[in-house]
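Hi there,

Here is the structure I promised to pass on to you. Have a look at it first, and then read on for what turned up in it.

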Amino acid sequence: MGSHDLKEKLKKLGQDHVLKYYDTLTEDQRKDLEHQVLSLNLEKVVAKFHATNSHGTAPDIEKRMKPLSTRILSSVNSTGKPQIELYRRRGLSEIAEGHVAVLLLAGGQGTRLGVSYPKGMYDVGLPSKKTLYQIQAERIRRLQLIAERQTGRKPSIPWYIMTSEHTKQATVDYFASHNFFGLKSDDIIVFEQGMVPCFTFDGKVIMESPWHIAKSPDGNGGLYRALREQKILTDMHRRGVACLHVYCVDNLLVKVADPVFLGYCLSEEADCGAKVVPKAYANEPVGVVCDVDGIFQVVEYSEVSPATAEMKDGQGNLLFSAGNICNHFFSLDFLQNVANTWEDGLQFHVAKKKIPTWNAETSETVTPTSPNGIKMEKFVFDVFQFAKRFRVWEVERESEFSPVKNADGQAIKDTPSTARRMLYSLHQSYLIKAGATILPSERGLVCEISPLVSYAGENLEKLVGGRTLHSPVTLFAPEEKANQNGTA
């Protein structure tokens, strides 16, 4: 497309300011800018911006909300141990057959943690100094071994990692430099989510420099477009994948490819499932999974009044308590339908942000002190509405959900310190259940069990049964002994 046609195209979209400095650019800079304009599909994105900003939240959503029925929602606490064991064995069987893949949403940088690298590379301060990526990789390795011991078949769990433009190369290099943490390199597939332009409040594309459009990742809901456009669905089909566990990178306690959750969803013949935790308190700032006019969705806490959030059922429990933790089950068939049929119709959500902007007067890119524009993103859970058979599995927060989002000192929750304490407490409970006595030190409890030793508390009786252990307690696999910092 020639420069004249490009200018006419942008003028029709009300975005001709994008080429304001075109005549002053070098040839390479012009080509770079032209490529951005064409690759970003501005016609569609500008239309989406205006549609999103005119859409808004239905004012009567609270009147249309209903709690999940017992047909849809099951809980680990109200399900008998024999049934849970059946779910677990079903999940392990599917893993052994090669039908299960894991998909990690890892597009975020560690900005709120105060680091400039991908969040998955963050060391949360455990005695082992393991990062989020390493802990999750080792949970996959352990789960493969458990499945092999149950079935006699040696499985392989493909691990798809969705990064952003900012985190992809660093993630690829990180895994390669650590020998993929013992996983097969062919089983770790890193791909990139899409980017969308940032807009001013009145709908003008923001320029980061005279030849760079300000862009941001299209949200974890950009997954579906990326699966289609980067041929990830084709790769899954080639490998024989039938279902996936999808989760966010920052949850220190995540049970990667949890066989119980998988077995539950498979036994219920679900095409889409969500793992939730009970809200800690009525007005906790988390979205809740609920029924709105017969369609399942996540209603954000900001859309619900305190009065609605505090409503209780006949037993005194919160009526809307299914807290969303971005932990999902999808059948491959469902993902293919979403990507090929419904993805283009998904609504963007808007977030007002401080976006670096080119200042012509000072000839520099300036980051404002207050929000100056809008970033648009899609959410991974927006596809619940398309499920023909949706199911929800409620688990205990203490054993499965502790995100690492904020730097210590900047917040009182979701920090490395709060996540470590929850992991130490969980691992202590595993050891006590296995027959050990734990004595904390003056500095408190420190208790870390390597995922290569135990995925969820199994395999510990012979190691610690009847023993008295002094904090810090660390259990490592033989291959890790050289890095052990504590004793068990």
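**Salt bridges, starting with a helix**

R89 and E85 sit in the same helix, α5 (residues 81–96), four residues apart, which is about one turn of the helix. Please keep in mind as you read that this is a predicted model. The two side chains form a salt bridge, and their closest N and O atoms are 3.9 Å apart. In general, side chains of opposite charge can pair when their charged atoms come close. How exposed are the two partners? R89 is partly exposed, with a relative accessible area of 40%, and E85 is partly exposed too, at 31%.

Helix α8 (residues 223–229) holds a pair with that spacing as well: R225 and E229 are four residues apart there, about one turn of the helix. Their side chains meet in a salt bridge at 3.2 Å, N to O. R225 counts as partly exposed at 25% relative accessibility, and E229 is partly exposed at 47%.

Now for a pair that is not inside one helix. D250 forms a salt bridge with K405, with the closest N and O atoms 2.9 Å apart. This pair links distant parts of the chain, 155 residues apart. D250 is in the loop between β10 (243–248) and α10 (259–267), while K405 is in the loop between α13 and α14 (416–433). Is D250 buried or exposed? D250 counts as buried, because its relative accessibility is 7% and the limit for buried is under 20%. Its partner K405 is partly exposed, at 28%.

Some salt bridges share partners, and in this way K44, R225, R228, E229, E343, D344 and K378 are joined into one network. How many salt bridges are there by this rule? The count comes to 29.

**A closer look at K378**

K378, one of the residues in that network, is found in the loop between β18 (373–377) and β19 (390–394). K378 is buried, with a relative accessible area of 6%. Its side chain makes a polar contact with the side chain of E343, at 2.8 Å. Leaving aside neighbours within four places in sequence, K378 is in contact with several residues, among them D218, G219, N220, L346 and H349.

**How the chain is divided**

The chain is divided into domain 1 (1–40), domain 2 (56–405) and domain 3 (415–487). The C-alpha centres of domain 2 and domain 3 lie 28 Å apart. Where they meet, 29 residues of domain 2 are in contact with 26 residues of domain 3. About 2,100 Å² is buried between domain 2 and domain 3, and carbon and sulfur atoms give 62% of that area. In domain 2, the residues that lose the most area to domain 3 are L126, P127 and R142, together 27% of what that side buries.

There are also polar links between these two domains. The count between domain 2 and domain 3 is three salt bridges, and seven residue pairs are in polar contact across the interface. Which helix supplies the largest share of the side of domain 2 that touches domain 3? That share comes from α6, with seven residues. Both α6 (132–151) and α13 (397–400) supply at least two residues of that side. Another salt bridge to find in the model is the one between K130 and E480, whose closest N and O atoms are 2.5 Å apart.

**Cysteines**

A disulfide is a covalent bond between the sulfur atoms of two cysteines. How many does a search of the whole structure find? The search finds zero disulfides. C248 is a good residue to check for yourself: its closest cysteine sulfur, in C326, is 3.1 Å away, which is too far for a bond, because the cut-off is 2.5 Å. C447 is buried, with a relative accessible area of 0%.

**One last residue: F201**

F201 is found in the loop between β6 (195–197) and β7 (207–209). F201 counts as partly exposed, at 43% relative accessibility. Leaving aside its neighbours within four places in sequence, F201 is in contact with F49, K352, P371, N372, G373 and I374. For a sense of scale, F201 and E448 are 247 residues apart in sequence and 48 Å apart in space, C-alpha to C-alpha.

Happy exploring, and best wishes!

Notes. Residues numbered from 1 in each chain as written. Predicted model: local features only at pLDDT ≥ 70, side-chain atom pairs only at ≥ 80, totals over all residues. Heavy atoms only, no water. Buried < 20%, exposed > 50% of the residue type's maximum accessible area, 1.4 Å probe, protein only. Contact = heavy atoms within 4.5 Å. Domains from an automatic or database assignment. Buried area = accessible area lost by both parts, 1.4 Å probe. Salt bridge = Lys/Arg side-chain N within 4 Å of Asp/Glu carboxyl O. Polar contact = N/O pair within 3.5 Å; in protein donor to acceptor, adjacent residues only side chain to side chain.
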